[in-house]
Amino acid sequence: MITTQSISEIRKQVSAWRLKGETVAFVPTMGNLHLGHITLVKEAKTRADHVVSSIFVNPMQFGQNEDLDAYPRTLADDQAALTAAGAELLFTPTPDIIYPKGMDAQTFVEVPSISDELCGASRPGHFRGVATIVCKLFNIVQPDIAVFGQKDFQQLLVIRTMVEDLSMPIEIIGVETIREISGLAMSSRNGYLSAEQKEQASQIKRTLDGMAVSLKAGLLIEDVVAKAQTELQHVGFKNDYLDVRNANTFAIATAADKELVILVAAYMGSTRLIDNIVVKLAD
């Protein structure tokens with residue numbers, strides 16, 4: 001696998017593949033890779049002739065008092081994992097390469113409405129940072145396909161909307177959340193949890209599953225949410241949000257909706273965890 005910080009080298013290699021009529025899939029990451037990331041790379045490998053990945057801890061999507069400096073950097077381990085999974089080209093730029101004029105002078109991309117809710121309300125400016133870096137990486141790599149995890153459901157929807165609105169010729173693939181044996185969604189932030197906290201955190205998936213059963217049984221959404229919030233607080237979570245949305249439009253769910261997504265963000269200690277599940281109700 002080739003590793004480079006050079007935009008021109010990325011473009012040169014991708015152009016060489018394209019001249020041979022070959023396709024390119026892209027998996028952007030912030031590094032500190034786990035099985036969830038590697039699953040994305042393996043999925044990308046099944047969908048294109050070549051896989052490009054990136055590792056960039058994007059300062060634009062971190063807010064004040066968030067863990068930018070503490071975010072783990074594990075480049076050597078990440079390179080080995082990406083190579084084993086089939087990636088052929090890795091882009092590892094620095095902030096100076098991505099934002100040469102500084103972030104305050106950087107042109108940005110913002111997806112309206114979706115970006116201001118849930119995680120967007122809790123982390124102002126977060127999705128502006130996500131959309132801007134993904135747009136920039138797409139322009140650098142120019143992939144045919146890009147692969148993202150569904151654990152970040154709102155992020156995936158922001159990216160899909162951006163691609164559609166800006167007429168980007170890129171197919172966005174969402175891959176089902178990869179979980180630990182306990183049910184806890186795999187995340188780089190799980191490494192901040194103690195063994196006891198990880199066990200407590202596994203309650204998130206059990207609560208989401210219970211909500212799905214209740215919604216399918218026809219219980220009122222507000223009652224289901226209230227009960228679940230109490231369950232999470234009981235095991236030591238501080239709730240950020242717990243909400244049920246239309247899985248296609250992201251509008252607040254109503255009794256008429258049949259495809260729902262339950263989304264949660266909650267703190268275990270100082271660690272913020274997110275998760276979601278999609279629920280399809282009978283007609």
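Trainee: I am new here, so let me begin with the rings: how many aromatic pairs does the structure hold?

Mentor: Welcome! Keep in mind that this is a predicted model. Aromatic rings pair if their centres lie within 6.5 Å. The number of such pairs that the structure holds is 4.

Trainee: What kind of pair do the rings of Phe26 and Phe138 form?

Mentor: A pair of aromatic rings is described by the distance of the centres and the angle of the planes. For Phe26 and Phe138 the centres are 6.3 Å apart and the planes stand at 70°. Planes over 60 degrees apart count as edge-to-face. The pair is therefore edge-to-face.

Trainee: How many residues apart in sequence are the parts that this pair of Phe26 and Phe138 ties together?

Mentor: Look at where each ring sits: Phe26 belongs to strand β2, while Phe138 belongs to helix α6. The pair therefore ties together parts whose separation in sequence is 112 residues.

Trainee: Are Phe26 and Phe138 buried or exposed?

Mentor: The cut-off for buried is under 20% relative accessible area. Phe138, for instance, has 2% relative accessibility, so it counts as buried. The description that fits both Phe26 and Phe138 is buried.

Trainee: Which kind of pair do Phe138 and Phe148 make?

Mentor: Their ring centres lie 6.4 Å apart. Phe138 is in helix α6 and Phe148 in strand β5, 10 residues apart. With the planes at 70°, the pair is again described as edge-to-face.

Trainee: Which residues do the ring pairs link into a cluster?

Mentor: You have met the two pairs already: Phe26 with Phe138, and Phe138 with Phe148. Phe148 has 6% relative accessibility, so it counts as buried. The cluster consists of Phe26, Phe138 and Phe148.

Trainee: Now to the sheets. In what order do the 6 strands of the parallel open sheet come?

Mentor: Start from the edges, which are β1 (2-4) and β6 (171-175), each pairing on one side only. Inside the sheet, β2 (residues 24-29) and β3 (residues 50-55) pair in the parallel sense over 6 bridges. The full order is β1-β4-β3-β2-β5-β6.

Trainee: Which residue of β3 stands opposite Phe26?

Mentor: Phe26 lies in strand β2, and β2 pairs with β3. Its opposite residue in β3 is Val52.

Trainee: Which strands does helix α6 lie across?

Mentor: Helix α6 covers residues 126-141 and runs at about 145° to β2. The strands that helix α6 lies across are β2, β3, β4, β5 and β6.

Trainee: There is also an open sheet of 3 strands; which of its strands stand at the edges?

Mentor: The order is β7-β8-β9, with antiparallel pairing. An edge strand here has a single partner, so one of its sides is left without a neighbour in the sheet. The edge strands are β7 (237-246) and β9 (271-280).

Trainee: How many residues of β7 are buried?

Mentor: β7 pairs with β8 (residues 259-268) in the antiparallel sense over 9 bridges. Helix α9 (residues 203-216) packs on the sheet, touching β7, β8 and β9. β7 is largely enclosed by the rest of the structure, because its buried residues are 8 of the 10.

Trainee: Last one: over which ring does the charged end of Arg128 sit?

Mentor: A charge sits over a ring only when it is within 6 Å of the ring centre. The charged end of Arg128 is 3.6 Å from the centre of its ring. That ring belongs to Phe108.

Conventions:
Residues are numbered from 1 along each chain as its sequence is written. This is a predicted model: local features need pLDDT of at least 70, side-chain atom pairs count only at pLDDT 80 or more; totals for chains, interfaces and linings use all residues. Side-chain values use heavy atoms; hydrogens and water are left out. Two strands pair if DSSP finds at least two bridges between them. Helices (H or I, at least four residues) and strands (E, at least two) are DSSP runs, numbered from the N terminus. Contact means heavy atoms within 4.5 Å. Axes are lines fitted to C-alpha atoms, for helices over the stretch in contact, and angles run from 0 to 180 degrees between N-to-C directions. Buried means under 20% relative accessible area, exposed over 50%, partly exposed in between (1.4 Å probe, protein chains only). Rings of Phe, Tyr and Trp (its six-membered ring) pair if their centres lie within 6.5 Å; planes under 30 degrees apart count as stacked, over 60 as edge-to-face and the rest as tilted. A charge sits over a ring if NZ of Lys or CZ of Arg is within 6 Å of the ring centre and within 35 degrees of the ring normal.
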